[in-house]
Amino acid sequence: MDNIRKLPEAEFDVMVALWDCKVSPVNTAYLMENVGKHKGWKAPTLISFLSRLEEKGFIHSEKKGKERQYYADANKDEYIKNVTLDFIERYHCGSLVKMIDVVYGDLSESSDELDEMKKWFQQQY
């Protein structure tokens, strides 16, 4: 999982459901209830996303009786870090400062966001 690419939104939604579940493994019924139903997907659509995630190495599954059980193989924090770093590299020339300037450059000195960022940097460095 060293070279993690950004997932399409629907596949990411499935991964979030897997990552956020307190119990592993999860079955298709659980994923339909927690993702598919809210997205308006039919079971074959969800199964297609699960197959793609398995092909990409994000999950693996095992057949248990009539059910298929799914396990997350990708780490959520590692995935988000890699996608975020790729975003900063791609859109902000690898500069966190440039990204922050684009997002928060128009904040006033008294902004709560700015104060929170200052506190975070002081704690880190």
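Strand 2 and strand 3 (residues 67-72) run antiparallel to each other, joined over 6 bridges. Keep in mind as you look around that this is a predicted model. The pair belongs to an open sheet of 3 strands, and beyond it there is a nonpolar core of 23 residues to explore, the largest one here.

**The sheet and its helix**
- The strand order is 1-3-2, with antiparallel pairing.
- Strand 1 (26-27) and strand 2 (59-64) form the edges, each pairing on one side only.
- For a handy landmark, look for Lys64, which stands opposite Glu67 in strand 3.
- Helix 3 (residues 43-55) packs on the sheet and touches strand 2 and strand 3; its direction makes about 120° with that of strand 2.

**The nonpolar core**
- Val14, Met15, Leu18, Leu31, Phe58 and Ile59 have the most contacts inside the largest core.
- At least two residues of this core come from each of helix 1 (9-20), helix 2 (28-39), helix 3 and helix 4.
- Helix 1 gives the most, with 6 residues.
- Setting aside neighbours within four places in sequence, Met15 is in contact with Leu7, Leu53, Phe58, Ile59, Ala72 and Ala74.

**Helix 4 against helix 5**
- Helix 4 (residues 76-92) packs on helix 5 (residues 96-104) at an angle of about 80°, and their axes lie 9 Å apart.
- That angle makes the two helices roughly perpendicular.
- On the helix 4 side, Phe87, Ile88 and His92 meet Leu96, Lys98, Met99 and Val102 of helix 5.
- Sorted by class, this contact has 5 nonpolar, 1 polar and 1 charged residues.

How values were computed
Residues are numbered from 1 along each chain as its sequence is written. This is a predicted model: local features need pLDDT of at least 70, side-chain atom pairs count only at pLDDT 80 or more; totals for chains, interfaces and linings use all residues. Side-chain values use heavy atoms; hydrogens and water are left out. Axes are lines fitted to C-alpha atoms, for helices over the stretch in contact, and angles run from 0 to 180 degrees between N-to-C directions. Helices (H or I, at least four residues) and strands (E, at least two) are DSSP runs, numbered from the N terminus. Angles under 35 degrees count as roughly parallel, over 145 as roughly antiparallel, 65 to 115 as roughly perpendicular and the rest as oblique. Contact means heavy atoms within 4.5 Å. Ala, Val, Leu, Ile, Met, Phe, Trp, Tyr, Cys and Pro count as nonpolar, Asp, Glu, Lys and Arg as charged, and the others, Gly among them, as polar. Two strands pair if DSSP finds at least two bridges between them. A nonpolar core is a set of buried Ala, Val, Leu, Ile, Met, Phe, Trp, Tyr and Cys residues joined through side-chain atoms within 4.5 Å. Buried means under 20% relative accessible area, exposed over 50%, partly exposed in between (1.4 Å probe, protein chains only).
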